[in-house]
Amino acid sequence: MSGVTALVLAGSRAGAADPMAMAAGVSHKALLPVGGVPMLARVLEALRDSPRIARTVVMIETPERSLDGFPLEPDVLLRPAQPSPSRSVAAALEEFGAPLLVTTADHALLTPAMVAEFMADLPPGVDVAAGLARSEVVLAAWPDARRTWMRFRGGRFSGCNLFWMGTPRAARVVEFWRRVEQQRKKPLAMVRMLGPWVLLRFALGLLSLPQALAALGAHTGARLAAVEMRFAEAAVDVDKPADLELAEAVLARRG
């Protein structure tokens with residue numbers, strides 16, 4: 001698993017209209033200072049210090065202009081962000097191939113230990129995997145945290161913005177993701193894509209996580225997995241002022 005390329009999604013369809021970016025006076029949320037350091041710099045540092053990462057690709061709109069003057073290591077490559085996250089991942093897979101580790105620039109609390117845990121716990125031969133944190137892990141650290149939970153039979157989970165594209169078959173899942181993005185405001189189209197029984201069971205909390213992964217795998221012809229993270233901080237991305245406050249408190253405690 002040596003020589004892995006990491007992709008950092010730093011683009012923003014909202015651009016400078018992103019409320020967090022506007023409040024900080026920066027062009028992209030990726031450049032928002034957290035503890036005095038731009039989030040993107042923190043993510044790049046975590047990836048740089050991860051032994052299995054050979055190079056990092058940052059995707060952001062007009063990278064030469066957006067990151068003008070931003071300090072970058074020689075092994076960091078810049079590419080323009082595509083119109084949606086799925087298209088950006090698809091473009092990176094096409095250019096760099098698999099395996100590809102994907103994260104986001106607002107993952108301000110990312111550490112090499114999180115990256116190592118995620119990659120160490122990947123099932124052998126898996127095509128696509130996503131990092132998830134159980135609600136018990138997150139709430140044990142922050143009992144009053146308000147998170148968006150994915151509710152399955154057997155537990156609630158929060159996404160950790162860590163994704164693994166392990167084989168060329170990952171492109172099938174990314175294409176399905178692109179179609180979901182296109183249909184996200186069309187409920188009937190979503191039902192046709194995923195199937196009414198799967199959606200109904202998910203809505204009622206009757207679908208387990210393994211069943212959901214199996215259903216998506218059947219649609220895409222790929223083997224999917226979830227990697228449960230033991231770090232509560234892995235579930236924190238800086239999307240709103242409360243997230244920023246939490247991230248800065250965690251960083252102050254680390255420092």
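Reader: What makes β4 and strand β5 (residues 76-80) a pair?

Author: They are joined by 5 bridges, in the parallel sense. Two strands pair if DSSP finds at least two bridges between them, so β4 and β5 qualify. Val58 stands opposite Leu78 in β5. Strands here are DSSP runs of E with at least two residues, helices are runs of H or I with at least four, and both are numbered from the N terminus.

Reader: What is the model, and how are its values taken?

Author: This is a predicted model, in which local features need pLDDT of at least 70, side-chain atom pairs count only at pLDDT 80 or more, and totals for chains, interfaces and linings use all residues. Residues are numbered from 1 along each chain as its sequence is written, and side-chain values use heavy atoms, leaving out hydrogens and water.

Reader: How do you know that strand β1 (residues 4-9) pairs with β4?

Author: There are 6 bridges between them, and the strands run parallel. The pairing rule is therefore met. Val4 has Ile53 as its bridge partner in β4.

Reader: Why is strand β4 (residues 53-60) called mostly covered?

Author: Of its 8 residues, 6 are buried. Buried means under 20% relative accessible area, exposed means over 50%, and partly exposed lies in between (1.4 Å probe, protein chains only).

Reader: Why does Val8 count as buried?

Author: Its relative accessible area is 0%, so Val8 falls under the cut-off. Val8 is in strand β1. Beyond its neighbours within four places in sequence, Val8 has contacts (heavy atoms within 4.5 Å) that include Leu40, Leu47, Val58 and Thr103. The C-alpha atoms of Val8 and Ser88 are 9.8 Å apart, across 80 residues of chain.

Reader: Is His107 buried or exposed?

Author: His107 is buried, because its relative accessibility is 0%. Its place is the loop between β6 (100-104) and α5 (112-120). Its contacts outside the four-place window include Val43, Cys160, Asn161 and Glu233.

Reader: What makes the phi of Asn161 worth noting?

Author: Phi of Asn161 is near 55 degrees, positive in a residue other than glycine. Most residues other than glycine have a negative phi, and most peptide bonds are trans. Asn161 is in strand β9 (residues 155-165). At 16% relative accessible area, Asn161 is under the limit and so counts as buried.

Reader: Why is Thr62 called partly exposed?

Author: Its relative accessible area is 37%, so Thr62 sits between the two cut-offs. Thr62 also has a positive phi, near 35 degrees. It lies in the loop between β4 and α3 (63-66).

Reader: Which peptide bond is cis?

Author: The bond joining Ala98 and Pro99, with omega about 5 degrees. Pro99 is in the loop between α4 (85-96) and β6.

Reader: What makes a nonpolar core?

Author: Buried Ala, Val, Leu, Ile, Met, Phe, Trp, Tyr and Cys residues, joined through side-chain atoms within 4.5 Å. The largest such core has 55 residues, and Phe118 and Trp164 are among those with the most contacts inside it. Helix α2 (residues 39-48) gives the most to this core, with 6 residues. Apart from it lies another core, of 18 residues, including Ala81 and Val173.

Reader: How many nonpolar and charged residues line the second largest pocket?

Author: The lining has 6 nonpolar, no polar and 6 charged residues. Among them are Trp142, Arg146, Lys240 and Leu246. Ala, Val, Leu, Ile, Met, Phe, Trp, Tyr, Cys and Pro count as nonpolar, Asp, Glu, Lys and Arg as charged, and the others, Gly among them, as polar. Lining residues have an atom within 4 Å of a point of the pocket, which is an open set on a 1 Å grid over the protein atoms alone, where a 1.4 Å probe fits, with protein on both sides within 12 Å along at least five of seven lines.
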